[in-house]
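The following account leads the reader from the contact between two chains to the salt bridges and aromatic pairs. Please keep the sequence and the structure in view while reading.

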Protein chains: 2
Amino acid sequence: MNVKAVIWTLVILGLVGGIIAASILLTQGSKKDDNKETPQDIIYGYECKSNKCVKVLIDENNFKTAVSQSVCNLFCEEEPNAIGTLWPKPTGKTTIGNTMVHIDPKKIEIHGYRHEYYNIAKERFMRQIAAKFTDDADIINKDGKSFSVNVVTEEGDDVQKLTLETDESYKLTINDNEAYIKANSFYGARHGLETLAQLIVYDDIRRELQVVGKAEINDAPVYKHRGIMLDTSRNYYSVEAIKKIIDTMGSVKLNTFHWHITDTHSFPFEMKSQPELYKKGAYTSKKIYTHKAIGELVKYGRAVGVRLLPEFDQPAHIGEGWKEELLTCFKYQPWSHFCVEPPCGQVDPSQDEVYDTLEKIYSELYEAFDAPDWFHVGGDEVSVECWNTSSTLQAYMKNRGWGLTEQDFMKLWGDFQVKALERLDRITKTPEKVPVVFWTSRLTEVPYVDDYLDPKRYTIQIWTTGFDKKIEDLLERGYKLIMSNYDALYLDCGFGGWVTDGLNWCAPYIGWHKVYENNPKKIAGKYHEQVIGSEAAVWSEQIDDFTIDSRFWPRASALAERLWSDPQTSWRDAEHRMLVHRERLVENGVRAESIQPEWCRQNEGECPI
Amino acid sequence: MNVKAVIWTLVILGLVGGIIAASILLTQGSKKDDNKETPQDIIYGYECKSNKCVKVLIDENNFKTAVSQSVCNLFCEEEPNAIGTLWPKPTGKTTIGNTMVHIDPKKIEIHGYRHEYYNIAKERFMRQIAAKFTDDADIINKDGKSFSVNVVTEEGDDVQKLTLETDESYKLTINDNEAYIKANSFYGARHGLETLAQLIVYDDIRRELQVVGKAEINDAPVYKHRGIMLDTSRNYYSVEAIKKIIDTMGSVKLNTFHWHITDTHSFPFEMKSQPELYKKGAYTSKKIYTHKAIGELVKYGRAVGVRLLPEFDQPAHIGEGWKEELLTCFKYQPWSHFCVEPPCGQVDPSQDEVYDTLEKIYSELYEAFDAPDWFHVGGDEVSVECWNTSSTLQAYMKNRGWGLTEQDFMKLWGDFQVKALERLDRITKTPEKVPVVFWTSRLTEVPYVDDYLDPKRYTIQIWTTGFDKKIEDLLERGYKLIMSNYDALYLDCGFGGWVTDGLNWCAPYIGWHKVYENNPKKIAGKYHEQVIGSEAAVWSEQIDDFTIDSRFWPRASALAERLWSDPQTSWRDAEHRMLVHRERLVENGVRAESIQPEWCRQNEGECPI
């Protein structure tokens, strides 16, 4: 890479005078201090040496060559790895040139289509750019070039709904002060905008907004399903917090927000046809997700490239809000005899009213989520001991000539799945039946899985460990899989216990490295084409609005790169870029976990052992 | 306890009409919804049954008896444990009566003294009260009684500096709509205000601010030194974030903010006499603590009952900002050969200029921190391998006839301590020498400890495990101790690794239970009187402004109760109160870790196994 060319361009564009002023600050030192509370002057710059950005004191000798770290990071890499600081890294041919163009933040224009998603995408892009120089908004140099972004897609203004099958590919070209984004869909185009936003940096030495002067990026995801799951039942999250999560997903090209909206603990979903469900089932009358709020999230999600996938977990994980006569073992004590965590609760599959209620719930979720292309039907942690507490249910089983063994209860569950799915199919309005997702559970195990779950209909979400033999059993049978193996993707693990002292059940904490290295293709081996993607999950026993940012970020970003890029290199190669990425998250208002001392970011490569 | 009396008082005070309206909401259900986005009506109340607050649907039968959970929690306990939801619990005679008085938030007056700390304390109290009904500020009933708080102290307006020896005791009496706080010092009085703030609750059923109508609380701390430590060198924290930490400390009566202000990574302390230290040593020119900012924190700290204890860590943990010729092994690679984490760096004790610089640093810290009553001189993790890299230092030692064994380097270190302490003593202005704190290290071990560290001068801060034999060695020798045993009090433990993958060095995560159960008196046994207190520490390799709240809170609150109250009961007895306390933290703007599903708080006692 021609570092000299970069530097000279910068020198020409830069305000040399300003740098000189900064460079002599040290000698003036305390004098200046008397007048100023905190000196705001820059005294360090960066130089690219052996593919690393090295921190240098700016002085008379190097003031022409030192650049800000944000600029240096964009170039200081050897081909073919020169991808700047892009996260996730592109999968197609990528070239990033070695010049920077000073642009005026007030003269950025995006030319796309009239569809409202474009307006949301534009506003968001401008917000991301403005965030780069918030602290220096008053002093930024505004005399740069105008910058125009031209978006062309096949579908034009006829924007389709985002689905699992949407073509998300795009091509981004930058030529001086013009960028071109070409894509088949809006969704590809908006990914192009995300990439572009990461190629624009604020140089705090020259106080300029700069864009890479020449680039071509061809990009498309490796996996179709790139998601995170949020449980909003154990603890409630505000609609704003969820919107922020979706917004951040968009910035790393994650495309699926799986919403585990209800559970035994609370029922926060507004049910218009049966309001007692949420009126009694929500924690408080304010802790509710209305149809209107969900509809707005669905729309915002699409505008940032994220589809919302609703889960209604059943037949276990049901309780608050429901008529008690439709439930078994609800709030039974000692809970550990009947379920895995308090409170216990499952529906009683022998009662017809259960299915009527389910149909209403499906129908309203389907409506609120604007006809989602997939639906998650839960299916985890059904307890035979729970069902076996009900004499009504026992009588029902005896009447059918069944016993009360595990096998009988699995038959009961299998029948429940058939009946429940019939109800789901009644309310969906597509010619094709909606694909459903189902958690690994006793029913997904041999031999029951063969009897009750059609692999053409059910995609299985894995939450065992990544090395569990059951994964292979499912793959052999032709199931499509979504990987959420808890040992790498349950982001709530590793904190204190909550039913007793010690640590929570799935401790230890999972570092971003492990998320990054969790490779679905390796897990699935020869069946890897059956893995449609992964999800990182947050179960919310010990998390709410106030800590959710740091649980997801930047670890969900590590997942995003695994799924978009399927990197063949290790986390070590991504580490410095991750440090830069984390700061970008913070810059955009995300309270992401810090992963290293700032010293390590400023002194690239000096920290790893 | 006379629950009926409570209830009747509430009924009389309550707006019965409002409750009836709420009670019939369920039947109206969806009709009302059409006009209103989110129904804000309360449908659950609480009843005290067998010392537990039980959640009940408000209906025609119980609308006279159900109260809000905040009110129920105040009473629903059996003597002698009836302490409401106070955190930390009082240590002296405490009675909390069974009536509530409806007060008008606009008519609260605090009568104290003119000293500015009283103004800060009053403003803060009013802010805490207002936070209780933020969401209902528009609809709160304002027709309650006036409420006056009368503060009397021995010292009156002659408020002394807060020191380790300050008398923090107080007596709080509430009689209908008047409260009396009696104390020897302002600092005791302000503790009384904290307690009082916790006895005022917002009843969201009646939409009233209520205060306990009759109470007497006699209270004083068990331990003198109740602290937390923050490292602001690995990552920088904004002054506002630090102020918020100090503010929150005040709310749980923690009294010492130990500020590990510099380290090898960065030197953010403004040095007027030698500005290159911070100009070169700070991460950026904005990431600095000025004298002015520190002075304001010291003042604010005193007003909320928190003394600031500055640490200047030495002779290791020194690097950025210093002249390289005064250092040994600074930034050496591979770092693991010379120190415990990157970057390495120690001062070279053979150079006189080192002591001159130290004296300047002591002097400016002493000034900025407004003559702190104690000083922390660091002293951890000195590496013989680091010193042994310096040929200058080797020559110095040879010239004195020493070898280069560990013993020789300990002698070097011991001499450094003597010389450095002389410099500290030059700049302090008290008749008595300032007590110093020193981390456990090789020098605090037998036999070196006997040679170099005077137990009359040095208090040792323990960061070994709580069961380390070295603790007894120190106690036997008469040292006073501050317990920060890392297995219970290092709150940064249990996250991902940062020099490599896996987990950080002191994993696993420490749950609040463990902090609560970490009993210095048990650790010290017969020498327990030598333990002056404890500190929870946050080392900031992986933490900054955006995640600090959840690292400290509510775990530092668990420490606060251990140190203030020395509870003889287990964490189990404190659990429900802790859940309430965590919500109080959130209410006051602290992004504290959630520790359980909201269901567990609403269903007291139903979650523990």
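With which residue does Lys287(B) form a salt bridge? The partner is Glu598(A), and the closest N and O atoms of the two side chains lie 2.7 Å apart. The model in which this bridge occurs is a predicted one. The bridge joins a residue of chain B to a residue of chain A, and the relation between these chains is a suitable place to begin.

Two copies of a chain are related by a rotation about an axis and a shift along that axis. In the present model, a turn of 180 degrees with a shift of 0.0 Å along the axis lays chain A on chain B, with an RMSD of 0.0 Å. This is therefore the relation of a two-fold axis. Both copies use the same surface, since 100% of the contact residues of chain A recur in chain B. In number, 86 residues of chain A are in contact with 86 residues of chain B.

The size of an interface is often given as the accessible area lost when the parts come together. For chain A and chain B this buried area is about 7100 Å², of which 52% is on carbon and sulfur atoms. Within the share that chain A buries against chain B, Lys279(A), Arg591(A) and Trp599(A) supply 10%, more than any other three residues.

Charged contacts also cross this interface: the count between chain A and chain B is 8 salt bridges. A further example, beside the one that opened this account, pairs Arg582(B) with Asp544(A), with 2.8 Å between the closest N and O atoms. Here the crossing runs from helix 22 of chain B (residues 571-587), which holds Arg582(B), to the loop between strand 20 (531-538) and helix 20 (548-552) of chain A, which holds Asp544(A). Are the two partners buried or exposed? Arg582(B) counts as buried because its relative accessible area is 1%, and Asp544(A) is likewise buried, at 8%.

Over all chains, the structure holds 80 salt bridges. One of them lies within chain B, where Glu165(B) pairs with Lys224(B) and the closest N and O atoms are 3.1 Å apart. This bridge links distant parts of the chain, 59 residues apart: Glu165(B) is in the loop between strand 5 (145-153) and strand 6 (170-175), and Lys224(B) is in the loop between strand 10 (214-219) and strand 11 (225-231). Glu165(B) is exposed because its relative accessibility is 54%, whereas Lys224(B), at 35%, is partly exposed. Salt bridges that share partners can also join into a network, and one such network contains Lys287(A), Asp544(A), Arg582(B), Glu583(B), Glu598(B) and Arg601(B). In chain A, Lys470(A) forms a salt bridge with Asp468(A), with the closest N and O atoms 3.9 Å apart. Lys470(A) has a relative accessible area of 32% and so counts as partly exposed.

The aromatic side chains form a further set of contacts, with 59 aromatic pairs over all chains. Trp463(A) and Tyr490(A) make up one that is stacked, at 6.1 Å centre to centre and with 5 degrees between the planes. The two rings come from distant parts of the chain, 27 residues apart: Trp463(A) is in the loop between strand 18 (458-462) and helix 16 (469-476), and Tyr490(A) is in the loop between helix 17 (486-489) and helix 18 (512-517). Trp463(A) is buried because its relative accessibility is 17%, and Tyr490(A) is buried at 3%.

A pair with another geometry is found in chain B, where Trp512(B) and Tyr516(B) are edge-to-face, at 5.9 Å centre to centre and with 75 degrees between the planes. Because these residues are 4 apart in helix 18 (residues 512-517) of chain B, about one helical turn separates them. Trp512(B) is buried at 5% relative accessibility, and Tyr516(B) is buried at 0%.

Returning to chain A, ring pairs link Trp463(A) and Tyr490(A) with Trp439(A), Tyr486(A), Trp505(A) and Trp539(A) into a cluster. Rings also meet charged side chains. Lys253(A) lies over the face of Trp564(A), 5.7 Å from the ring centre. In chain B, Lys55(B) lies over the face of Tyr44(B), at 4.2 Å from the ring centre.

Note on methods: Residues are numbered from 1 along each chain as its sequence is written. Chains are lettered from A and ligands numbered from 1 in the order in which they are written. This is a predicted model: local features need pLDDT of at least 70, side-chain atom pairs count only at pLDDT 80 or more; totals for chains, interfaces and linings use all residues. Side-chain values use heavy atoms; hydrogens and water are left out. Rings of Phe, Tyr and Trp (its six-membered ring) pair if their centres lie within 6.5 Å; planes under 30 degrees apart count as stacked, over 60 as edge-to-face and the rest as tilted. Helices (H or I, at least four residues) and strands (E, at least two) are DSSP runs, numbered from the N terminus. Buried means under 20% relative accessible area, exposed over 50%, partly exposed in between (1.4 Å probe, protein chains only). A charge sits over a ring if NZ of Lys or CZ of Arg is within 6 Å of the ring centre and within 35 degrees of the ring normal. Copies are superposed by least squares on the C-alpha atoms of residues with pLDDT of at least 70 in both. Contact means heavy atoms within 4.5 Å. Buried area is the accessible area (1.4 Å probe) that two parts lose on being put together, summed over both. A salt bridge is a side-chain nitrogen of Lys or Arg within 4 Å of a carboxyl oxygen of Asp or Glu.
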